Amino acid sequence: MIDAETPRPHVSAPCWIERPDDALHCTEPPGHGGDHYHCYSRTQWPRRAGETQ
């Protein structure tokens, strides 16, 4: 069991917005600026108007 006093790192979830007509998800951090990006395929796509995370 982990002691309650043990510091834990904070790992944020990715943006995870789906690329239109595809199975790729954005791997940038939440609230990022600019285009969405998938780091493994090095694919990027524009942010759509009114998109929320």
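**Figure 1. Overall view of the predicted protein chain.** Of the 53 residues of the protein chain, 21% count as buried. The model shown here and in the following views is predicted. Its secondary structure consists of two strands and zero helices. The radius of gyration of the protein chain is 15 Å, whereas a compact globule of 53 residues would have a value near 10 Å. The C-alpha trace spans about 45 × 25 × 15 Å along its principal axes. About 4400 Å² of the protein chain is exposed, and carbon and sulfur atoms supply 54% of that area. When contacts between residues at least 6 apart in sequence are considered, 18% join residues at least 24 apart.

**Figure 2. Close-up of the cysteines Cys15, Cys26 and Cys39.** A search of the whole structure finds zero disulfides. Cys15 takes part in no disulfide, and its nearest cysteine sulfur, that of Cys26, lies 3.9 Å away. This pair is not counted because a disulfide requires cysteine sulfur atoms within 2.5 Å. Cys39 is likewise in no disulfide; for Cys39 the nearest cysteine sulfur is again that of Cys26, at 9.2 Å. With a relative accessible area of 8%, Cys15 is buried, whereas Cys39 is partly exposed at 36% relative accessibility.

**Figure 3. Close-up of Thr43 in strand S2.** Thr43 is found in strand S2, which covers residues 43-45. The residue is buried, its relative accessible area being 16%. A polar contact of 2.8 Å links the side chain of Thr43 to the side chain of Ser41. Apart from neighbours within four places in sequence, Thr43 is in contact with Arg19, Leu24, His36, Tyr37 and His38. Strand S1 comprises residues 36-38.

**Figure 4. Close-up of the salt bridge between Arg19 and Asp22.** The structure holds two salt bridges, one of which joins Arg19 to Asp22. The closest N and O atoms of this pair are 3.3 Å apart. Arg19 is partly exposed, with a relative accessible area of 27%. Asp22 also counts as partly exposed, at 35% relative accessibility. Arg19 is, in addition, among the residues in contact with Thr43.

**Figure 5. Close-up of Glu51 with Arg48 and His36.** Glu51 is placed in the segment after strand S2. Arg48 forms a salt bridge with Glu51, in which the closest N and O atoms are 3.2 Å apart. Arg48 is partly exposed, at 44% relative accessibility. The side chain of Glu51 also makes a polar contact of 2.5 Å with the side chain of His36. Once neighbours within four places in sequence are set aside, Glu51 is in contact with Ile17 and His36. His36 is thus shared between two views, as it is also listed among the contacts of Thr43.

**Figure 6. Close-up of Gly34 and Pro46.** Gly34 is located in the segment before strand S1. At 45% relative accessibility, Gly34 counts as partly exposed. Gly34 and Pro46 are 12 residues apart along the chain, and their C-alpha atoms are separated by 7.4 Å.

Technical notes
Residues are numbered from 1 along each chain as its sequence is written. This is a predicted model: local features need pLDDT of at least 70, side-chain atom pairs count only at pLDDT 80 or more; totals for chains, interfaces and linings use all residues. Side-chain values use heavy atoms; hydrogens and water are left out. Buried means under 20% relative accessible area, exposed over 50%, partly exposed in between (1.4 Å probe, protein chains only). Helices (H or I, at least four residues) and strands (E, at least two) are DSSP runs, numbered from the N terminus. A polar contact is a pair of N or O atoms within 3.5 Å; within protein, one must be able to donate a hydrogen and the other to accept it, and residues adjacent in sequence count only if both atoms are side-chain atoms. Contact means heavy atoms within 4.5 Å. A salt bridge is a side-chain nitrogen of Lys or Arg within 4 Å of a carboxyl oxygen of Asp or Glu. The radius of gyration is taken over C-alpha atoms; the globule rule is 2.2 Å times the number of residues to the power 0.38. Accessible areas come from the Shrake-Rupley method with a 1.4 Å probe; for residues, only the protein chains shown count as cover.
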